[in-house]
Amino acid sequence: LATTSILAMAQNTPAGLWRTIDDDGKTEKSTVRITANGGVLSGKVEHITDPAKANELCTKCEDDRKDKPVVGMTIINDVKQDAEDPGLWDGGRILDPKNGTSYKVRLKPIDGGKKLEVRGYIGSPMFGRTQTWIRAE
């Protein structure tokens with residue numbers, strides 16, 4: 001029983017491999033691995049689904065990621081579990097490599113940890129957009 005509850009708790013964190021789904025809710029774009037280090041989450045692109053885009057560079061990035069390959073790029077950083085809501089992770093940033101813009105990010109596991117609501121926003125969370133990613137492992 002202890003092993004089962006530990007596995008269930010692990011599934012309710014954003015850590016793991018995720019299939020990113022476009023805003024249309026159907027099209028898989030990539031896989032991103034989210035890892036925890038000292039309670040801080042970061043996420044790195046592992047694979048781009050469309051073979052024609054597999055070697056894309058972040059040409060619109062304006063930081064040290066400019067003109068670097070998107071595969072292998074850290075696009076989520078500095079995310080921590082919310083002190084008031086343990087089912088929510090926030091405080092960090094997410095990069096959209098397509099337009100080079102970095103947004104504040106909020107991550108929330110749903111459906112028993114099988115899905116992840118990823119909300120990128122500017123200012124307040126009400127001014128943003130949400131994608132639902134699917135756990136790949």
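This report covers the fold, one strand, the disulfide and some loop residues of a predicted model.

**Ground rules**

Local features need pLDDT of at least 70 and side-chain atom pairs count only at pLDDT 80 or more, while totals for chains, interfaces and linings use all residues of this predicted model. Residues are numbered from 1 along each chain as its sequence is written, and side-chain values use heavy atoms, with hydrogens and water left out.

**Overall fold**

The chain has 1 helix and 8 strands. Helices (H or I, at least four residues) and strands (E, at least two) are DSSP runs, numbered from the N terminus. Along the sequence the order is α-β-β-β-β-β-β-β-β.

The radius of gyration is 15 Å, which agrees with the value near 14 Å for a compact globule of 137 residues. That radius is taken over C-alpha atoms, and the globule rule is 2.2 Å times the number of residues to the power 0.38. Along the principal axes, the C-alpha atoms fill a box of roughly 50 × 35 × 30 Å.

Buried residues make up 32% of the 137 residues. Buried means under 20% relative accessible area, exposed means over 50%, and partly exposed lies in between (1.4 Å probe, protein chains only). The chain exposes about 8,200 Å², and carbon and sulfur atoms supply 53% of that area. Accessible areas come from the Shrake-Rupley method with a 1.4 Å probe; for residues, only the protein chains shown count as cover.

Contact means heavy atoms within 4.5 Å. Among contacts between residues at least 6 apart in sequence, 35% join residues at least 24 apart.

**Strand β1 and its partners**

Strand β1 spans residues 16-21, and 5 of its 6 residues are buried. Two strands pair if DSSP finds at least two bridges between them. β1 pairs with β2 (residues 28-37) in the antiparallel sense over 6 bridges. One bridge sets Gly 16 against Ile 34 in β2. The hairpin of β1 and β2 has 6 residues between the strands, and Gly 25 in this hairpin takes a positive phi near 80°.

β1 also runs antiparallel to β8 (residues 128-135), with 2 bridges. Here the bridge partner of Trp 18 is Arg 135 in β8.

Thr 20 lies in β1. Thr 20 counts as buried because its relative accessibility is 5%. Its side chain makes a polar contact of 2.8 Å with the side chain of Ser 30. A polar contact is a pair of N or O atoms within 3.5 Å; within protein, one must be able to donate a hydrogen and the other to accept it, and residues adjacent in sequence count only if both atoms are side-chain atoms. Leaving aside neighbours within four places in sequence, Thr 20 is in contact with Thr 27, Glu 28, Lys 29, Ser 30, Val 32 and Trp 133.

**The disulfide**

A disulfide is a covalent bond between the sulfur atoms of two cysteines. The rule applied here asks for a pair of cysteine sulfur atoms within 2.5 Å. By this rule the count is 1 disulfide. It joins Cys 58 to Cys 61, with an S to S distance of 1.8 Å. The link of Cys 58 and Cys 61 is right-handed, with 70° about the S-S bond. Cys 58 counts as buried at 0% relative accessibility, and Cys 61 counts as buried at 2%.

**Positive phi and the β3-β4 loop**

Most residues other than glycine have a negative phi. The table lists two non-glycine residues with a positive value.

| Residue | Location | Phi | Relative accessible area |
|---|---|---|---|
| Asp 67 | loop between β3 (40-48) and β4 (74-81) | near 65° | 41%, partly exposed |
| Asp 78 | strand β4 | about 60° | 45%, partly exposed |

Val 71 is also found in the loop between β3 and β4. Val 71 counts as partly exposed, since its relative accessibility is 33%. Val 71 and Ala 54 are 17 residues apart in sequence, and their C-alpha atoms are 7.3 Å apart in space. Not counting residues up to four places away in sequence, Val 71 touches Val 45, Glu 46, Ile 48 and Ala 54.
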